[in-house]
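Welcome, and thanks for taking a look at this one with us. Here is a short briefing on two sheets and a ligand site.

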Amino acid sequence: RELDRAVDAARRAFPAWRARSFADRAALVKQLSQKLREHQKDLAELLTREQGKPLAQSVAEIDRGAAQSDGMVGIEIAVEVIADDNDKHIELRYRPLGVVGIITPWNAPVNLALGPLVSALYTGNTVILKPSPYTPLTTLKVGELLNEVFPAGVVNVLAGGDDLGAAMTAHRGIDKISFTGSVATGKKVLASAAATLKRVTLELGGNDPAIVLEDVDAKAVAKKIFFASFVNSGQVCMAIKGIYGHEGIYEDLCDALVEEARKAKVGNGLDPGTELGPVQNKMQYDKVVGIIKDTKKAGAKFLAGGEIPTGPGYFLPPTLVTDIADDSRLVQEEQFGPIVPILKFSDVEDALRRANDTRYGLSGSVWTKDLSRGAEVAARLEVGTAWVNQHRTTSAFVPFGGAKESGLGRQYSALGLKSYMEPEVVSIAKR
Ligand code: NAD
């Protein structure tokens, strides 16, 4: 089987790769990001053609991937001295795990591959990378660039269906799985990895709340919230998926969001001026249309969108909904499409309770002019990342990952990099 051959190649390449210094490996990662920049135009166009997102956002995805790669290889993983006295010296070292299997989804295939890929490579592991069957093309193209930079066997890109992913999670020759995708599949990955006690990082779905307090300038905040909700037509793990507006600014906030929705240009991602592309595939389109229909049936009010366009493609307008129950599908499920509820609250305690009443816990945000109050409220969101006056900001130096059923472990930063390594204590008796 191709997977066995790839794992063999990765295992054979591992000893020489791990023996290189961090600086050596960093230099090759930097060559990769250089190549990504050189090929940015072609890669971005291919990404838009297969994924649907507007070209400018594809360009930005390649940019961000390259910048984060450069950032990560600037992070030092040092030996940590735990104790050093007359009797003993104890230190904590980190060594690479071996072969890392990376499985990615279809919403941001380049960026979501590069994060784990660079983490694994820089820390001395070799890699098998499998893109989503919905978006294999740009990843395969990146694979060609990887082959120009890294020694044979160090990175192996295999396109395939869900069964290939499952085979990777069960494979005895793979030491860790870094999985990005849905909660349901993440649970299968964890269960399958248990048989060989593989290390696992899971970056799963989210149902991010944005809590807008009463002191904001509704218009200014609406612009930012709209983009953080509808970018990539809502197909972002950490998109805002429920907007909680204080009753004092609720009407203004709704009006300002509706204005943004009216202005947004939906269409072919290759057309200049397009701001929102289609839903990426039929499975997801049917799911989102199902949620729109259920929301209608429940008697909710549609402030924008709501109609299902006829015509080719999986295009849906940005859709804003009010007067909807907290136990509705739209509020409870991860919609992962261009429809967002705006929920009213009068007491921030109530907003926090409702926002936390979910099995998801990826990220969330609080919007206010009072930064210290914002930080207090944000810290009470049960999430991996709580932002104040921003949403969706990530960096190579800041850990990212989900609380509760939104994930396991963290990517990026020294914390993330160390999850691609085995900690090993070396304990020396001095007498
Ligand atoms: P998915 O879970 O359906 O598929 C993801 C990947 O897993 C694909 O490559 C697929 O082929 C593979 N796969 C399917 N079954 C498998 C199995 N049994 N074992 C191993 N691999 C298997 O997810 P999707 O629909 O492609 O992606 C959308 C989801 O990803 C959303 O829930 C979104 O929130 C989430 N996501 C999370 C993050 C994050 O960083 N937390 C980022 C982006 C997307």
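A good place to begin is a single pair of residues: L202 has L408 of strand 15 as its bridge partner. Please keep in mind that this is a predicted model. From that pair we can move out to the sheet around it, then to the ligand, and finally to a second sheet.

**The six-stranded sheet**

- Strand 7, which covers residues 199–203, pairs with strand 15 in the antiparallel sense, and the two share 2 bridges.
- Both strands belong to an open sheet of 6 strands, whose order is 5-4-3-6-7-15.
- Pairing across this sheet is mixed.
- At its edges are strand 5 (155–157) and strand 15 (407–408), each of which pairs on one side only.

**The ligand and its surroundings**

- Where does the ligand sit? The space it takes is the largest pocket.
- The shell around the ligand holds 30 residues, and the closest are D162, S182, T185, L204 and E334.
- Which element gives the largest share of that shell? Helix 7 does, with 4 residues.
- Helix 7 (162–170) is joined by strand 6 (176–180) and helix 8 (183–194), and each of these supplies at least two residues of the shell.
- Strand 6 also has a place in the six-stranded sheet, between strands 3 and 7 in the order.

**Polar contacts and burial**

- D162, one of the closest residues, has a side-chain N or O atom 2.7 Å from an oxygen atom of the ligand.
- For W106, a polar side-chain atom lies 2.9 Å from a ligand oxygen.
- K130 likewise places a polar side-chain atom 2.9 Å from an oxygen atom of the ligand.
- How much of the ligand does the protein bury? Taken alone, the ligand exposes 860 Å², and the protein buries 91% of that.

**The three-stranded sheet**

- A further open sheet is made of 3 strands in the order 1-2-16, with antiparallel pairing.
- Its edge strands are strand 1 (80–84) and strand 16 (421–429), and each of them pairs on one side only.
- On average, neighbouring strands in this sheet are turned by 20 degrees against each other, direction ignored.
- Strand 2 (residues 88–96) meets strand 16 in the antiparallel sense over 9 bridges.
- Within that pairing, which residue of strand 16 is the bridge partner of I90? The partner is S427.

Definitions and conventions:
Residues numbered from 1 in each chain as written. Predicted model: local features only at pLDDT ≥ 70, side-chain atom pairs only at ≥ 80, totals over all residues. Heavy atoms only, no water. Pairing = 2+ DSSP bridges. Axes fitted to C-alpha atoms, helices over the stretch in contact; angles between N-to-C directions. Near = heavy atom within 4 Å. Polar contact = N/O pair within 3.5 Å; in protein donor to acceptor, adjacent residues only side chain to side chain. Areas by Shrake-Rupley, 256 points an atom, 1.4 Å probe, with all protein chains shown as cover. 1 Å grid on protein atoms, 1.4 Å probe; cavity = no way out; pocket = protein on both sides within 12 Å on 5 of 7 lines; lining within 4 Å. Sits in = over half its atoms within 2 Å of the grid points.
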